[in-house]
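Hi everyone, thanks for coming along. I'd like to walk you through one model this morning, so let me put it up on the screen.

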Amino acid sequence: DDALALAAMDKAAALNPNAPRVRQLLAQNYADHYEWGKAIKEYQAALRLAPDLAGLHFGLGTAFWQAGKWTQAQQQLEHTLQITPESTVAAYELGDTDINLGQWEKAVPYLQKALANPNLARKARLDLAKAESQLGRYSDALQNLLPLEKDDPDGKGHFRVGMLYKKIG
């Protein structure tokens, strides 16, 4: 099924290579199969055709983010939030990108915004606690981790709480 879907998308792109939405669908299909390089190329092609579509910037930013290309992800996700400032997913990915770039202070407001999304809150709290800890704001970091006590299947929250208590003394 996946091979047929990809072949159909490739054919649609060949028939109408100047349709940004077709390129976006092809890019999303590549992203769904973790083919980040191909997804990036298709999102870039779509953006050349429709540079003002927030969904294309977000898709490209997410593909860069997934591929670990932090600087490029940061640029696209910032652009996404300029167009659609209410996006908590873009805010989370940008905050996480800033964490990966060691830009702790810059990450904080984006991660705080992502807390509003229940599907992202756990990951956002972990990243936010890391940023605040790196900034020496151990009490704030601790306050962000304590709500995870009941939902900590992998123990990351408890481990970080322990490390914070160690730093606090």
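Let's go straight to Q24, whose side chain makes a polar contact with the side chain of R21, at 2.8 Å. Please keep in mind as we go that this is a predicted model. Q24 sits in helix α2. Is Q24 buried or exposed? Its relative accessible area is 17%, and the cut-off for buried is under 20%, so Q24 counts as buried. And what does Q24 touch, once we set aside residues up to four places away in sequence? The answer is Y43, A46, G55 and L56.

Now let's widen the view to the helix around Q24. Helix α2 covers residues 20-32, which is 13 residues. From its first C-alpha to its last, α2 reaches 18 Å, close to the 18 Å expected at 1.5 Å a residue. Q24 has company on the buried side of the list: R23, L26, A27, N29, Y30 and A31 of α2 are buried too.

Several of those names come back when we look at E42, which belongs to helix α3. With its neighbours within four places in sequence left aside, E42 is in contact with R23, L26, A27 and Y30. E42 itself has a relative accessible area of 11%, so this glutamate is buried.

What follows α2? That would be Y34, a residue with a positive phi, near 60°. Y34 is found in the loop between α2 and α3, and it is a residue other than glycine. Why point that out? Because most residues other than glycine have a negative phi. As for its surroundings, Y34 has a relative accessibility of 64%, so it counts as exposed.

Next, pockets. The largest pocket has a volume of about 210 Å³. Its lining is made up of 13 residues, and those nearest the centre are Q28, A31, W36, Y43 and T62. You may recall A31 as one of the buried residues of α2, and Y43 as one of the residues that Q24 touches. Two or more lining residues come from each of α2, α3 (36-49) and α4 (54-66). Which helix gives the most? It is α4, with seven residues. In terms of chemistry, the lining of this pocket divides into six nonpolar, five polar and two charged residues.

The second largest pocket holds about 180 Å³ of space. If you'd like to find it on the screen, look for its lining: A129, K130, S133, Q134, L145, F159, R160, M163, L164 and K167. Here the elements giving two or more residues are α8 (121-134) and α10 (156-168). The largest share comes from α10, with five residues. This lining divides into five nonpolar, two polar and three charged residues.

While we're at α8, let me show you R125, which lies in that helix. How far is R125 from A141? They are 16 residues apart in sequence and 8.5 Å apart in space, C-alpha to C-alpha. Beyond its neighbours within four places in sequence, R125 is in contact with L115, Q143, N144, L145, P147 and L148. L145 is a name we have just heard, as one of the residues lining the second largest pocket.

One more helix before we zoom out: α5, residues 70-83. It has 14 residues and reaches 20 Å from first C-alpha to last, close to the 20 Å expected at 1.5 Å a residue. Which residues of α5 are buried? They are A73, Q74, Q76, L77, T80 and L81. What covers these buried residues includes α3, α4, α6 (88-100) and α7 (104-114).

Finally, the whole protein. How many helices and strands does it have? There are 10 helices and zero strands, so to speak a run of α after α from the N terminus on. The protein has 169 residues, and 43% of them count as buried. Among contacts with a separation of 6 or more, 43% are accounted for by residues 24 or more positions apart.

That's my tour, and I'm happy to go back to any of these spots on the screen.

Terms used
Residues are numbered from 1 along each chain as its sequence is written. This is a predicted model: local features need pLDDT of at least 70, side-chain atom pairs count only at pLDDT 80 or more; totals for chains, interfaces and linings use all residues. Side-chain values use heavy atoms; hydrogens and water are left out. Helices (H or I, at least four residues) and strands (E, at least two) are DSSP runs, numbered from the N terminus. The expected span of a helix is 1.5 Å times one less than its number of residues. Buried means under 20% relative accessible area, exposed over 50%, partly exposed in between (1.4 Å probe, protein chains only). On a 1 Å grid over the protein atoms alone, a cavity is a set of points where a 1.4 Å probe fits but cannot get out, and a pocket is an open set with protein on both sides within 12 Å along at least five of seven lines; lining residues have an atom within 4 Å of a point. Grid points are joined across faces, edges and corners, and a volume is the space filled by probe spheres set on the points. Ala, Val, Leu, Ile, Met, Phe, Trp, Tyr, Cys and Pro count as nonpolar, Asp, Glu, Lys and Arg as charged, and the others, Gly among them, as polar. A polar contact is a pair of N or O atoms within 3.5 Å; within protein, one must be able to donate a hydrogen and the other to accept it, and residues adjacent in sequence count only if both atoms are side-chain atoms. Contact means heavy atoms within 4.5 Å.
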